[in-house]
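Let's take a walk through this fold together. Have the model open and ready to rotate.

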Amino acid sequence: MNRAVSASILSADFLHLEDEVRRLEEANVDMLHFDVMDGCFVPNISFGIPVLQAIRKTTGMFLDVHLMIRDPYAYIEEFVKAGADMITFHLESDSDPLRTLERIHSFGCKAGLALKPATPAGAAQPFMEHLDNLLVMTVEPGFGGQSYLHDMNDKIQKAAEMRGSRPCYVQVDGGINAETVQEAIAAGADLLVAGSYLFRHPDLAEGVNSLRGSREALK
Ligand code: DX5
Ligand code: ZN
(Lines give C-alpha, C1' and ligand atoms only; values in the text may rest on other atoms or scores of the structure.)
(Ligands and ions follow the chains in the order given, each with its own letter.)
Protein backbone atom coordinates (compact mmCIF):
# COMPACT_ATOMS: atom_id res chain seq x y z
CA MET A 1 0.00 0.00 0.00
CA ASN A 2 1.18 3.55 -0.65
CA ARG A 3 2.22 5.30 2.52
CA ALA A 4 -0.44 7.76 3.70
CA VAL A 5 -0.99 10.24 6.51
CA SER A 6 -4.32 10.52 8.32
CA ALA A 7 -4.63 13.65 10.48
CA SER A 8 -6.51 13.13 13.74
CA ILE A 9 -8.84 16.08 14.19
CA LEU A 10 -9.08 15.30 17.91
CA SER A 11 -6.25 17.83 18.25
CA ALA A 12 -7.82 20.45 15.95
CA ASP A 13 -9.26 23.81 17.01
CA PHE A 14 -12.95 22.89 17.21
CA LEU A 15 -14.07 26.49 17.15
CA HIS A 16 -12.54 26.82 13.67
CA LEU A 17 -12.96 23.33 12.33
CA GLU A 18 -13.65 24.40 8.74
CA ASP A 19 -10.41 26.43 8.67
CA GLU A 20 -8.57 23.45 10.11
CA VAL A 21 -9.93 21.18 7.35
CA ARG A 22 -8.79 23.71 4.69
CA ARG A 23 -5.34 23.82 6.27
CA LEU A 24 -5.10 20.01 6.19
CA GLU A 25 -6.19 19.95 2.53
CA GLU A 26 -3.57 22.54 1.64
CA ALA A 27 -0.91 20.56 3.50
CA ASN A 28 -1.71 17.53 1.30
CA VAL A 29 -2.86 15.27 4.11
CA ASP A 30 -4.22 12.03 2.63
CA MET A 31 -7.11 11.42 5.05
CA LEU A 32 -8.92 12.90 8.03
CA HIS A 33 -8.94 10.63 11.08
CA PHE A 34 -12.13 10.97 13.10
CA ASP A 35 -11.95 9.58 16.67
CA VAL A 36 -15.34 8.69 18.11
CA MET A 37 -15.34 7.98 21.88
CA ASP A 38 -18.40 7.05 23.90
CA GLY A 39 -17.17 7.41 27.49
CA CYS A 40 -17.85 3.69 27.89
CA PHE A 41 -15.47 1.70 25.70
CA VAL A 42 -12.86 4.36 26.55
CA PRO A 43 -12.90 6.78 29.51
CA ASN A 44 -13.41 9.86 27.34
CA ILE A 45 -16.14 11.40 25.17
CA SER A 46 -15.21 13.14 21.92
CA PHE A 47 -17.69 13.83 19.08
CA GLY A 48 -20.00 11.90 16.82
CA ILE A 49 -22.36 11.85 13.86
CA PRO A 50 -23.39 15.55 13.54
CA VAL A 51 -19.74 16.66 13.51
CA LEU A 52 -18.89 14.07 10.84
CA GLN A 53 -21.84 15.30 8.74
CA ALA A 54 -20.63 18.88 9.04
CA ILE A 55 -17.10 17.92 7.96
CA ARG A 56 -18.44 15.87 5.03
CA LYS A 57 -20.27 18.96 3.79
CA THR A 58 -17.09 20.99 3.68
CA THR A 59 -14.61 18.53 2.14
CA GLY A 60 -14.21 15.74 -0.38
CA MET A 61 -11.28 14.30 1.58
CA PHE A 62 -11.23 10.62 2.54
CA LEU A 63 -12.82 10.31 6.00
CA ASP A 64 -11.17 7.63 8.14
CA VAL A 65 -13.48 6.95 11.11
CA HIS A 66 -12.09 5.24 14.23
CA LEU A 67 -14.89 4.02 16.49
CA MET A 68 -13.93 3.63 20.15
CA ILE A 69 -17.44 2.71 21.19
CA ARG A 70 -18.98 -0.30 22.93
CA ASP A 71 -21.40 -1.40 20.21
CA PRO A 72 -20.16 -0.27 16.78
CA TYR A 73 -22.54 -2.57 14.88
CA ALA A 74 -25.54 -0.53 16.00
CA TYR A 75 -24.17 2.70 14.50
CA ILE A 76 -22.64 1.60 11.18
CA GLU A 77 -25.46 2.84 8.94
CA GLU A 78 -25.50 6.26 10.63
CA PHE A 79 -21.75 6.73 10.24
CA VAL A 80 -21.88 5.66 6.59
CA LYS A 81 -24.73 8.06 5.89
CA ALA A 82 -22.85 10.82 7.70
CA GLY A 83 -20.02 10.43 5.19
CA ALA A 84 -17.47 7.86 6.42
CA ASP A 85 -15.23 6.40 3.69
CA MET A 86 -13.69 3.83 6.03
CA ILE A 87 -14.89 2.63 9.43
CA THR A 88 -12.49 0.93 11.81
CA PHE A 89 -13.82 -0.53 15.05
CA HIS A 90 -12.28 -2.40 17.96
CA LEU A 91 -11.99 -6.16 18.15
CA GLU A 92 -12.45 -5.72 21.93
CA SER A 93 -15.88 -4.08 21.47
CA ASP A 94 -19.13 -5.98 22.13
CA SER A 95 -20.04 -6.31 18.44
CA ASP A 96 -19.44 -9.50 16.49
CA PRO A 97 -16.40 -8.68 14.29
CA LEU A 98 -17.38 -10.57 11.14
CA ARG A 99 -21.00 -9.38 11.20
CA THR A 100 -19.83 -5.80 11.70
CA LEU A 101 -17.23 -5.97 8.91
CA GLU A 102 -19.87 -7.37 6.56
CA ARG A 103 -22.33 -4.64 7.51
CA ILE A 104 -19.75 -1.93 6.77
CA HIS A 105 -18.94 -3.48 3.40
CA SER A 106 -22.64 -3.87 2.56
CA PHE A 107 -22.80 -0.06 2.30
CA GLY A 108 -19.77 0.08 -0.03
CA CYS A 109 -17.61 1.50 2.76
CA LYS A 110 -14.09 0.30 3.61
CA ALA A 111 -13.74 -1.64 6.88
CA GLY A 112 -11.03 -2.01 9.47
CA LEU A 113 -10.32 -3.70 12.77
CA ALA A 114 -8.43 -2.00 15.61
CA LEU A 115 -6.39 -3.69 18.33
CA LYS A 116 -5.70 -2.23 21.79
CA PRO A 117 -2.10 -2.56 22.99
CA ALA A 118 -2.84 -5.69 25.07
CA THR A 119 -4.50 -7.59 22.19
CA PRO A 120 -2.08 -9.74 20.17
CA ALA A 121 -1.90 -9.31 16.40
CA GLY A 122 -2.93 -12.95 15.95
CA ALA A 123 -6.41 -12.14 17.28
CA ALA A 124 -7.12 -10.41 13.94
CA GLN A 125 -5.93 -13.37 11.84
CA PRO A 126 -9.39 -14.95 11.30
CA PHE A 127 -10.65 -11.67 9.79
CA MET A 128 -7.74 -10.75 7.52
CA GLU A 129 -9.52 -11.49 4.24
CA HIS A 130 -12.29 -9.04 5.23
CA LEU A 131 -10.03 -6.12 6.14
CA ASP A 132 -9.13 -2.93 4.28
CA ASN A 133 -7.31 -1.69 7.39
CA LEU A 134 -5.68 -3.27 10.43
CA LEU A 135 -5.08 -0.66 13.13
CA VAL A 136 -2.38 -1.35 15.71
CA MET A 137 -2.92 1.14 18.54
CA THR A 138 0.42 2.53 19.67
CA VAL A 139 -1.13 4.13 22.80
CA GLU A 140 -4.07 3.11 25.00
CA PRO A 141 -7.11 4.45 23.14
CA GLY A 142 -8.93 7.38 24.73
CA PHE A 143 -6.71 10.44 24.59
CA GLY A 144 -4.48 12.34 22.20
CA GLY A 145 -1.00 13.50 23.18
CA GLN A 146 0.29 10.25 24.75
CA SER A 147 3.73 8.70 24.20
CA TYR A 148 4.34 6.02 21.57
CA LEU A 149 4.53 2.50 23.00
CA HIS A 150 7.75 1.10 21.52
CA ASP A 151 6.67 -2.40 22.57
CA MET A 152 4.14 -2.28 19.73
CA ASN A 153 6.84 -2.47 17.04
CA ASP A 154 6.87 -6.29 17.08
CA LYS A 155 3.10 -6.31 16.81
CA ILE A 156 3.17 -3.96 13.82
CA GLN A 157 5.65 -6.33 12.19
CA LYS A 158 3.37 -9.31 12.86
CA ALA A 159 0.38 -7.36 11.47
CA ALA A 160 2.35 -6.53 8.32
CA GLU A 161 3.29 -10.20 7.88
CA MET A 162 -0.35 -11.23 8.29
CA ARG A 163 -1.40 -8.63 5.74
CA GLY A 164 1.09 -10.04 3.22
CA SER A 165 0.22 -8.85 -0.29
CA ARG A 166 -3.45 -8.07 0.49
CA PRO A 167 -4.72 -4.54 -0.28
CA CYS A 168 -5.03 -3.72 3.43
CA TYR A 169 -3.42 -0.87 5.32
CA VAL A 170 -1.40 -1.46 8.48
CA GLN A 171 -2.37 1.63 10.43
CA VAL A 172 -0.66 3.03 13.53
CA ASP A 173 -2.33 5.51 15.85
CA GLY A 174 -0.98 7.27 18.93
CA GLY A 175 2.23 9.11 19.73
CA ILE A 176 3.32 9.35 16.09
CA ASN A 177 5.90 12.08 15.34
CA ALA A 178 8.91 12.48 13.02
CA GLU A 179 11.00 10.14 15.21
CA THR A 180 8.54 7.42 16.24
CA VAL A 181 7.17 7.16 12.70
CA GLN A 182 10.54 5.77 11.59
CA GLU A 183 10.13 2.77 13.90
CA ALA A 184 6.53 2.24 12.81
CA ILE A 185 7.45 2.38 9.10
CA ALA A 186 10.45 0.09 9.61
CA ALA A 187 8.09 -2.42 11.26
CA GLY A 188 5.72 -2.29 8.26
CA ALA A 189 3.13 0.43 8.98
CA ASP A 190 1.84 2.43 6.00
CA LEU A 191 -1.17 4.39 7.26
CA LEU A 192 0.13 6.89 9.79
CA VAL A 193 -2.26 8.71 12.13
CA ALA A 194 -1.03 11.84 13.85
CA GLY A 195 -2.85 14.44 15.90
CA SER A 196 -0.90 16.52 18.36
CA TYR A 197 2.34 16.34 16.35
CA LEU A 198 0.71 17.82 13.24
CA PHE A 199 -1.44 20.44 14.92
CA ARG A 200 1.49 21.69 17.01
CA HIS A 201 3.83 21.82 14.02
CA PRO A 202 4.68 25.38 12.90
CA ASP A 203 4.51 24.28 9.23
CA LEU A 204 1.77 21.72 8.68
CA ALA A 205 2.89 20.66 5.18
CA GLU A 206 6.41 20.09 6.45
CA GLY A 207 4.97 18.04 9.33
CA VAL A 208 3.03 15.86 6.90
CA ASN A 209 6.11 15.33 4.71
CA SER A 210 8.19 14.45 7.77
CA LEU A 211 5.81 11.54 8.39
CA ARG A 212 5.02 10.31 4.88
CA GLY A 213 7.85 11.74 2.82
CA SER A 214 6.92 14.33 0.21
CA ARG A 215 4.81 12.99 -2.66
CA GLU A 216 7.64 13.81 -5.09
CA ALA A 217 10.19 11.90 -3.00
CA LEU A 218 7.88 8.86 -2.84
CA LYS A 219 7.49 8.62 -6.62
C1 DX5 B 1 -6.40 7.96 20.65
C2 DX5 B 1 -6.82 8.31 19.25
C3 DX5 B 1 -5.76 8.89 18.40
C4 DX5 B 1 -5.23 10.20 18.84
C5 DX5 B 1 -3.84 10.36 18.31
O6 DX5 B 1 -7.42 7.23 21.27
O7 DX5 B 1 -7.28 7.14 18.60
O8 DX5 B 1 -6.20 9.00 17.05
O9 DX5 B 1 -6.01 11.28 18.42
O10 DX5 B 1 -3.33 11.49 18.88
P11 DX5 B 1 -1.77 11.79 19.00
O12 DX5 B 1 -1.22 11.78 17.63
O13 DX5 B 1 -1.77 13.11 19.67
O14 DX5 B 1 -1.19 10.70 19.86
ZN1 ZN C 1 -7.69 7.15 16.42
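Which glycine follows helix 4, and is its phi positive or negative? It's Gly108, and its phi is positive, near 75 degrees. Keep in mind that this is a predicted model, where local features need pLDDT of at least 70, side-chain atom pairs count only at pLDDT 80 or more, and totals for chains, interfaces and linings use all residues. Residues are numbered from 1 along each chain as its sequence is written, and side-chain values use heavy atoms, leaving out hydrogens and water.

Now for the sheet. Eight strands close into a barrel, in the order 1-2-3-4-5-6-7-8, with parallel pairing. Helices (H or I, at least four residues) and strands (E, at least two) are DSSP runs numbered from the N terminus, and two strands pair if DSSP finds at least two bridges between them. Take strand 1 (residues 4-8) and strand 2 (residues 31-37): they pair in the parallel sense over three bridges. Within that pair, Ser6 sits opposite Met31 of strand 2.

Next, the helices outside that pair. Helix 4 (residues 97-106) packs on the sheet, touching strand 4 (86-90) and strand 5 (110-115); contact here means heavy atoms within 4.5 Å.

Back to helix 4 itself: Pro97, Thr100, Leu101 and Ile104 are buried, that is, under 20% relative accessible area, against over 50% for exposed and in between for partly exposed (1.4 Å probe, protein chains only). Seen down the axis of helix 4, the buried residues fall within an arc of 100 degrees (taken from the directions from the helix axis to the C-beta atoms), so they line one face of the helix. Their cover includes helix 3 (76-82), strand 4 and strand 5.

Conventions:
Chains are lettered from A and ligands numbered from 1 in the order in which they are written. Axes are lines fitted to C-alpha atoms, for helices over the stretch in contact, and angles run from 0 to 180 degrees between N-to-C directions.
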